[in-house]
Amino acid sequence: MLRNACKLCLLPLLSILFFAGYVEARDIYVRLADGPSSVSLSSDGTITLLDAGKKNFGLGKTAVLTRSGGFALVGKNKFSLPLQISSSGLLGFKGRKYRGKFLLTKEFVLINILDVEDYIRGVLPAEAIPGWPIEYLKVQAIISRTYGLRQSLNRSVRGYDVADNTSDQVYKGAGVETTFTNQAIKETEGEVLAYGGNLAFTPYHSDSGGHTATNAHVWGKDIPYLRGVKELVVYQSPNTNWTAKISGSQVQAALAKVGGNIGRVKEIQVSEMDSGGRATNLTFIGSGGSSTIKSSQFRTVIGPNLLKSTMLTNGVPLPKTLQGTKTPNTPAKNDALLGAPVPTSNLSMSETEELRLILMTSEGVFTSTELMDMLLKPEKRKEYLYIGIERSGSEKKKEPPKTPLPKSLPSASMPTLRSGGSISEENGYFVFQGRGWGHGVGLSQWGAQALAREGWTARRILEHYYPGTAVKRFQ
């Protein structure tokens, strides 16, 4: 899901030609494997090869291509590279099926070449939850399509447009397609996000933790439509609150990678924050001096799955029973809050009340108006707790939706660390606490789905996370 920065070249001339209708092709080149010694292929139909010398060869339904210098060997047959591979059915590689055709380059890089709409059909189910609202799925379709096409304008740099993993966006081929995601793709066919005459850079992440990040603070380039924005609906995700214990030796090793050799680390301070509460700079004080680096840079070298975000907090996170048991790179497919028991032991009355409110909200006890009133006036939460208890016990609940979905939930998050605050240390470990998951730039998937549940259209959601952009058709 764009966890690494892509090249920010805007390519104005190519973009102008693109929107004028002169773009060369709608095909996307997806890297599936980089330089293996051999490639095993399968197909529902007959596999056909076309080599650099225009030699055609039929292989049947399975084939193993072995690398040999500038050639590919198939049994006793030798084919000059690059090699085009097509089939009358879907092509198979490493247990997945793919639309389009394959290209095996001189460097033995296996590339899937296919129409951009077919490419998005293999991206959307991997980067989104198919059961989330259709307007959210349309948002994801538009930004994923935009990203793929934008990368294709710079194909000559790498020889392909995107990888099939999180260095670009996850793509799993034809086998993961669903009715809901295909519907979203069809309803947005050809739609991209543009800024002026250019395709916009459309990074996204799982959960912003309440406020997205400014691109300049993460990847160093000031982009007008990638400045931090506040989440307008408070929601609960599997990563609403998290804790990471990182040893001093781990911190020291990570700092060494970026030239911060300060000896044994004694203290870590938040030395600078942005207006949304994110830590932008961290200062490390050690036995041999001090070093200040960007928090996003430290997150990268220490491990982005360990230090989940730069929205650092101060306090005790939610109990594990309420955080969700599944925390993959994309949002958890089952929200652990739905139907979870309310833990009452070792919790103060205020915490218990907060948790009961969260569960009542997930069950649809309160109206949208009541939720907004509760969020804007926290002092009324106890009153709503009693209302909810009464409704749950004496009123007949409305029939639930046929396909129940996670709700937007009031957050029990802690305040962010302030500038000058220190990361606590326990027995040689620095205890980082925070909210959200991801680099924080652009669209927050959990935030976007919460807005979709509130009735926001895809275009309105995109305007919120990428202000100043517009949805356009590229054909």
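1. How many bridges join strand 19 to strand 20, and do these strands run parallel or antiparallel? Three bridges link strand 19 and strand 20, and the two run antiparallel. Glu-425 stands opposite Phe-430 in strand 20. Note that this is a predicted model.

2. The wider sheet is open and has three strands, in the order 15-20-19. Its pairing is antiparallel. Strand 15 and strand 19 (424-426) are the edge strands, each pairing on one side only. From one strand to the next, the twist averages 35 degrees.

3. Helix 6 lies across strand 15 and strand 20. The helix runs at about 80 degrees to strand 15.

4. Which residues of helix 6 are buried? In this helix, residues 248-257, they are Gly-248, Val-251, Ala-254 and Leu-255. Seen down the helix axis, these buried residues fall within an arc of 125 degrees, so they line one face of helix 6. The face turned away from the buried side carries the exposed residues Ser-249 and Lys-257.

5. What do the buried residues of helix 6 pack against? Their partners include strand 15 (242-247) and strand 20 (429-434), both from the sheet order 15-20-19. Strand 16 (265-273), strand 17 (279-286) and strand 18 (289-294) are also packed against, as is helix 7 (295-302). Just after helix 6, Gly-259 takes a positive phi of about 80 degrees.

6. A hairpin deserves a separate point. Strand 4 (residues 71-74) and strand 5 (residues 77-80) pair in the antiparallel sense, over four bridges. Ala-72 has Phe-79 in strand 5 as its bridge partner. Two residues lie between the strands of this hairpin, where Gly-75 takes a positive phi near 65 degrees.

7. Now the nonpolar cores. The largest has 75 residues, and Leu-104 and Tyr-466 touch the most other members. Helix 3 (residues 134-152) gives the most to this core, with eight residues.

8. Which residues does Leu-104 touch, leaving out those up to four places away in sequence? They are Val-39, Leu-65, Ala-72, Leu-81, Pro-82, Leu-83, Ile-85, Val-109 and Leu-110. Ala-72, one of these contacts, is also the bridge partner of Phe-79 in the hairpin.

9. A second, separate core has 23 residues. Among them are Val-251, Ile-268, Val-270 and Val-301. Val-251 is one of the buried residues of helix 6, so this point ties back to the buried face of that helix.

How values were computed. Residues are numbered from 1 along each chain as its sequence is written. This is a predicted model: local features need pLDDT of at least 70, side-chain atom pairs count only at pLDDT 80 or more; totals for chains, interfaces and linings use all residues. Side-chain values use heavy atoms; hydrogens and water are left out. Buried means under 20% relative accessible area, exposed over 50%, partly exposed in between (1.4 Å probe, protein chains only). The arc is that of the directions from the helix axis to the C-beta atoms. Contact means heavy atoms within 4.5 Å. Two strands pair if DSSP finds at least two bridges between them. Axes are lines fitted to C-alpha atoms, for helices over the stretch in contact, and angles run from 0 to 180 degrees between N-to-C directions. A nonpolar core is a set of buried Ala, Val, Leu, Ile, Met, Phe, Trp, Tyr and Cys residues joined through side-chain atoms within 4.5 Å.
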